[in-house]
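Visitor: Please walk me through this one a piece at a time, with plain answers I can check by eye.

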Amino acid sequence: MKYKRVLAFYIRLSQEDLFKANGEMDESASVSHQRDLLRYAYNSRQDLSGYEVTEFVDDGYSGTNFNRPAFRKMMEEVKRGKIQCIMVKDFSRFARNFLDAGEYLEQIFPFLGVRFISVNDHYDSDTKEGTAGDWDVVFKNFLYDLYSKDLSKKTTAAKRSKARKGEYLGKAPIGYVRSKERKNQLEIEPEGAKIVRFIFDMALSGHTIPEIVEMLNQAEMPTPGTLTEKKYKGKQMTVRKNTTVICWQYNMVWAILKNRVYTGACINFKRSKTASCGTHTKKNEVEEQIIVPGCHVAIVTEEEFEQAFK
């Protein structure tokens, strides 16, 4: 039986990668562009004709760490000896942390016998022209690392600017949907809003959270998790078709009663990263959050909000 060699296209795209410094869409970073470039490079090189191509795509994942599902799956295949070559558009698609990238290029891949090709960087570990430790490779990875940190800071600053203008940047909570006409604004979703109003009314009437939970479950009211927004269509939320019964729980009601968004306020930055390019976050105190009142139609008044959780 003839031994089959496999070449993996690795493609990665994050939301930050999609935009240039001027805020315009950068099509050259898109998944489709990366795929076309890799396919062209593969077809243009006779020395790669013996490889069978497979593809791994991490769409929406940062390059500052390796906690990406497609990357992990690819590396599992590599460790099993099922992949002999990896091809990327450039080093930044693989990793933006130059120390981590260097470890893979200098130690892990050579140990596993894996060939690594970065098309735009004209790097091929199978050639004798140099190693990953050469200054040009190290310097490029170092620049990618610095660029990623700088881009992260700029992205955060841009989001803070939008937040201060009253734009809602998070996921729409139960009772609201994102406006189709007004960017980053919330609009009332009737079915969910009735449930939110019911919860506040019961709390204002003196009922405890466990009692409210019991009433919601007895009435078989849909939970936040069973209501899904039909994005970009401007339609009402609908109950998912699921045979599994999902019940209301204490934390669900507590989260609604503590959410000031229902007063019409736009609240952003409830959490923040502990490091500019890290994945760990911490809960921000109220003083650290950006709160802008009167941004959308309120479901409860400020007075009702303050009294409901007493």
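Visitor: Where does E220 lie?
Guide: This is a predicted model, in which local features need pLDDT of at least 70, side-chain atom pairs count only at pLDDT 80 or more, and totals for chains, interfaces and linings use all residues. Residues are numbered from 1 along each chain as its sequence is written, and side-chain values use heavy atoms, leaving out hydrogens and water. Elements are DSSP runs numbered from the N terminus (helices are H or I, at least four residues; strands are E, at least two). By that numbering, E220 lies in the loop between α7 and β8 (227-228).

Visitor: Is E220 buried or exposed?
Guide: E220 has a relative accessible area of 69%. Buried means under 20%, exposed over 50% and partly exposed in between, with a 1.4 Å probe and protein chains only. E220 is therefore exposed.

Visitor: What is the phi of E220?
Guide: Most residues other than glycine have a negative phi. E220 is not a glycine, yet its phi is positive, at about 55°.

Visitor: And where is H122 found?
Guide: H122, another residue other than glycine, has a positive phi near 55°. At 72% relative accessibility, H122 counts as exposed. Its place is the loop between β4 and β5.

Visitor: What distance separates the C-alpha atoms of E106 and S125?
Guide: E106 sits in helix α4 (residues 98-112), where at 37% relative accessibility it counts as partly exposed. Along the chain, E106 and S125 are 19 residues apart. In space, their C-alpha atoms are separated by 9.4 Å.

Visitor: Which strands stand at the edges of the sheet?
Guide: Five strands form an open sheet of mixed pairing, in the order β2-β1-β3-β4-β5. Two strands pair if DSSP finds at least two bridges between them. The edge strands have a single partner each, so one side of each is left without a neighbour; they are β2 (51-59) and β5 (123-124).

Visitor: Which residue of β5 does I117 stand opposite?
Guide: Strand β4 (residues 115-118) pairs with β5 in the antiparallel sense, over two bridges. Across that pairing, I117 faces D124.

Visitor: How many bridges join β1 to β2?
Guide: Eight of the nine residues of β1 are buried, so this strand is largely enclosed by the rest of the structure. On one flank, β1 pairs with β3 in the parallel sense over three bridges, with A8 matched to I86. Towards β2, I11 has V57 as its bridge partner. β1 and β2 run parallel, and the bridges joining them number nine.

Visitor: At about what angle does helix α1 run to β1?
Guide: Helix α1 (residues 31-44) lies across β1 (5-13), β2 and β3 (85-88). Angles run from 0 to 180 degrees between N-to-C directions, along axes fitted to C-alpha atoms, for helices over the stretch in contact. On that scale, α1 runs to β1 at about 150°.

Visitor: How do the axes of α6 and α8 cross, and at roughly what angle?
Guide: Helix α6 (residues 190-204) and helix α8 (residues 250-257) have axes that come within 10 Å. Angles of 65 to 115 degrees count as roughly perpendicular, under 35 as roughly parallel, over 145 as roughly antiparallel and the rest as oblique. These two helices are therefore roughly perpendicular, crossing at roughly 90°.

Visitor: Which residues of α8 make the contact with α6?
Guide: Contact means heavy atoms within 4.5 Å. From α6 come V196, I199, F200 and A203. Their partners in α8 are V253, I256 and L257.

Visitor: Which element gives the most to the largest nonpolar core?
Guide: A nonpolar core is a set of buried Ala, Val, Leu, Ile, Met, Phe, Trp, Tyr and Cys residues joined through side-chain atoms within 4.5 Å. The largest has 35 residues, of which I199, F200, W248, V253 and Y262 touch the most other members. Elements supplying at least two residues each include α7 (209-218), β10 (266-268) and α9 (302-308). With seven residues, the top contributor is α6.

Visitor: At roughly what angle do the axes of α7 and α8 cross?
Guide: In this contact, I209, P210, I212, V213 and L216 of α7 meet Y250, V253, W254 and L257 of α8. The axes come within 9 Å and cross at roughly 110°.
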